[in-house]
Amino acid sequence: MNFFAIIGRVVLALFGETGRLALFTWSSVSHIVRPPFFGRLLGQQMMRIGYFSLPVVALTAFFTGGALALQIYYGGNKINSENIVATIVALGITRELGPVLGGLMVAGRVSAAIAAELGTMRVTEQIDALTTLSTNPFKYLVVPRLVAAVITLPLLVLIADIIGIMGGFVVGSASLHFNSGVYVTNTVNFLKATDVTNGLIKAAVFGFIIALMGCFHGFNSKGGAQGVGRATTNAVVTASILILASNYVMTSLLFAK
């Protein structure tokens, strides 16, 4: 019976956490359209989430595009299909690798930072002080981060798409000795606008997940410094898992045709 009791406790804890997350999500989304609006805080969060994440996202995209070009060339060389390198690099970056890797990089950097910041504010009772001063914590702390992540992550992914394709072009023309003009022509001819826009839709969803997980775990952290550490770890892990799971769902919906 102890075995079934353990299973029951795990299931109840899972449903309880899911319910808390659903209520937190509803409260966060509902406060987006309610005044007052903190434009200065939104601008600060867009700089922190978007601009300061640009170097790591750009480097990741460049080397991913180069490595993808090498792998496709070595694989296609066995069946005399080297000419598909440009096409597969462009589609792979814009559809999958750009949004997913960009989301994971931002999750590791931003979600942890949000959870640590809000967790510290929770354990030091600064969030309670905001409530005492008649300032809604959701409006002041959660909404600017959610909106900033949803706006800036598609912009980051768009830049990552360009840099990733450029990385494949550099490797293809410099190391694999492709004709530069033919490489660019193949990329332009086979890449469609829907490939890019669907990837940006994914990025917006990933941005919402990243900010939501950071705010949720930080907002509900407890237990002092150890609690803040757990909240930071849980934020990154859950955001990464949800990014990969939602990526599969959106891929099956957006690219089913």
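This passage walks through two helices, a few loop residues and a cavity in a predicted model. Residues are numbered from 1 along each chain as its sequence is written, and side-chain values use heavy atoms, with hydrogens and water left out. Because the model is predicted, local features need pLDDT of at least 70 and side-chain atom pairs count only at pLDDT 80 or more, while totals for chains, interfaces and linings use all residues.

Helix α6 makes a good starting point. Helices here are DSSP runs (H or I, at least four residues), numbered from the N terminus. Helix α6 covers residues 137–174, and its 38 residues should span 56 Å at 1.5 Å a residue (the expected span being 1.5 Å times one less than the number of residues). Its end C-alpha atoms are 53 Å apart, which agrees. The helix has a kink of about 35 degrees at Val143, shortly before Pro144; this bend is the angle between axes fitted to the seven residues ending there and the seven starting there. At the N-terminal end, Asn136 acts as a cap, with a side-chain oxygen 2.8 Å from the backbone nitrogen of Phe138.

The loops on either side of α6 deserve a look too. Ser134 sits between α5 (126–132) and α6, and His177 sits between α6 and α7 (180–190). Ser134 has a phi near 60 degrees, a positive value in a residue other than glycine, and phi of His177 is likewise near 60 degrees. Ser134 counts as exposed (over 50% relative accessible area, with a 1.4 Å probe and protein chains only; buried is under 20%) because its value is 71%. His177 is exposed as well, at 66%.

Ser53, in the loop between α2 (39–49) and α3 (54–76), is buried, with 0% relative accessibility. Leaving aside residues up to four places away in sequence, Ser53 is in contact (heavy atoms within 4.5 Å) with Arg48, Val106, Arg109, Val110 and Leu156.

Helix α9 (residues 224–254) has 31 residues and reaches 43 Å from its first C-alpha to its last, close to the expected 45 Å. Its buried residues include Gly227, Ala231, Ala235 and Ala239. What covers the buried residues of α9 includes α4 (85–123) and α8 (193–219).

Finally, a search of the whole structure finds one cavity of 30 Å³ or more. The largest cavity has a volume of about 60 Å³. On a 1 Å grid over the protein atoms alone, a cavity is a set of points where a 1.4 Å probe fits but cannot get out, and lining residues have an atom within 4 Å of a point. Among the lining residues are Val57, Thr60, Leu97 and Ala160. Helix α4 gives the most to this lining, with five residues.

Definitions and conventions
Helix = DSSP H or I, 4+ residues; strand = E, 2+ residues; numbered from the N terminus. Polar contact = N/O pair within 3.5 Å; in protein donor to acceptor, adjacent residues only side chain to side chain. 1 Å grid on protein atoms, 1.4 Å probe; cavity = no way out; pocket = protein on both sides within 12 Å on 5 of 7 lines; lining within 4 Å. Points joined across faces, edges and corners; volume = space filled by probe spheres on them.
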